[in-house]
Amino acid sequence: MIESHLEQEYSLITVYSSAEECIDNLHRRPDIIIMDYHLDSMNGLEATKNIKAVNPDIQVILVSSQEQLQVAVNTLKYGAYDYVMKDEAALFRIKSLINKILYLNAVVTKNQSFNLLKRIGIMVCTVLVLGISLFLLLK
């Protein structure tokens, strides 16, 4: 569902079914990884730590239905770019964050011209959420 919305706006999206599969493919150098906090074999916090250990420049957006402030604080503490609540505004928020990250990457990279149509390496990992296939490492 959300991945199809993202595919309409961004050129290169790769979907993985587990954190391990996503981490095994970090050599593909994505700009952004979007994943759920609750994953099968490791939580999003552990996955974020592993991702940042391999490449601290990859921006991680964690998505969860947890409303606990401490969960959001911990994700940011360990390197996530942002934490998005699963609600009716989640897709809008994710798109806004992606655009902000891409803009900041373009500004920081002096030798590249600012062009939002550039190749975007967004890794999105899929799991089933309440029987509906959503994006990212969602549960």
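**Exercise 1.** In which loop does Leu-39 lie, and does Leu-39 count as buried or exposed?

*Solution.* We begin with the position along the chain of this predicted model: Leu-39 lies in the loop between β2 and α3. The next step is to look at accessibility, where the value for Leu-39 is 11%. Because a residue is called buried when its relative accessible area is under 20%, Leu-39 counts as buried. As a last step we look for a partner elsewhere in the sequence, and find that Ala-19, although 20 residues away from Leu-39 along the chain, is 7.2 Å from it in space, C-alpha to C-alpha.

**Exercise 2.** Describe the order of helices and strands in the chain, and state how much of the chain is buried.

*Solution.* Counting the elements gives five helices and seven strands. Reading them along the sequence then gives the pattern α-β-α-β-α-β-α-β-α-β-β-β. Turning to burial, we find that 47% of the 139 residues count as buried, while the chain exposes about 7,500 Å², of which carbon and sulfur atoms supply 53%. Finally, if we take the contacts between residues at least 6 apart in sequence, 59% of these join residues at least 24 apart.

**Exercise 3.** Which residues have the most contacts inside the largest nonpolar core, and which elements each supply at least two of its residues?

*Solution.* The largest nonpolar core has 20 residues, and those with the most contacts inside it are Leu-26, Ile-33, Met-35, Ala-47, Ile-51 and Leu-62. Going on to the elements, we find that at least two residues of this core come from each of α2 (19-24), β2 (32-36), α3 (44-54), β3 (59-64) and α4 (69-77). Apart from this core lies another, of 15 residues, which include Val-63, Val-84, Ile-98 and Leu-102. To see one residue in detail, we can take Leu-62 and leave aside its neighbours within four places in sequence; its contacts then include Met-35, Tyr-37, Thr-48, Ala-80 and Val-84.

**Exercise 4.** Which residues of helix α1 are buried, and why are they on the same side of α1?

*Solution.* Within α1, which spans residues 2-9, the buried residues are Ile-2, Glu-3 and Leu-6. Around the helix axis these residues cover an arc of only 95°, and therefore they are on the same side of α1.

**Exercise 5.** How many aromatic pairs does a search of the whole structure find, and which charged end sits over the ring of Tyr-78?

*Solution.* The search of the whole structure finds zero aromatic pairs. The ring of Tyr-78 nevertheless has a charged partner, since the charged end of Lys-49 sits over this ring, 4.2 Å from its centre.

How values were computed: Residues are numbered from 1 along each chain as its sequence is written. This is a predicted model: local features need pLDDT of at least 70, side-chain atom pairs count only at pLDDT 80 or more; totals for chains, interfaces and linings use all residues. Side-chain values use heavy atoms; hydrogens and water are left out. A nonpolar core is a set of buried Ala, Val, Leu, Ile, Met, Phe, Trp, Tyr and Cys residues joined through side-chain atoms within 4.5 Å. Buried means under 20% relative accessible area, exposed over 50%, partly exposed in between (1.4 Å probe, protein chains only). Helices (H or I, at least four residues) and strands (E, at least two) are DSSP runs, numbered from the N terminus. Contact means heavy atoms within 4.5 Å. The arc is that of the directions from the helix axis to the C-beta atoms. Accessible areas come from the Shrake-Rupley method with a 1.4 Å probe; for residues, only the protein chains shown count as cover. Rings of Phe, Tyr and Trp (its six-membered ring) pair if their centres lie within 6.5 Å; planes under 30 degrees apart count as stacked, over 60 as edge-to-face and the rest as tilted. A charge sits over a ring if NZ of Lys or CZ of Arg is within 6 Å of the ring centre and within 35 degrees of the ring normal.
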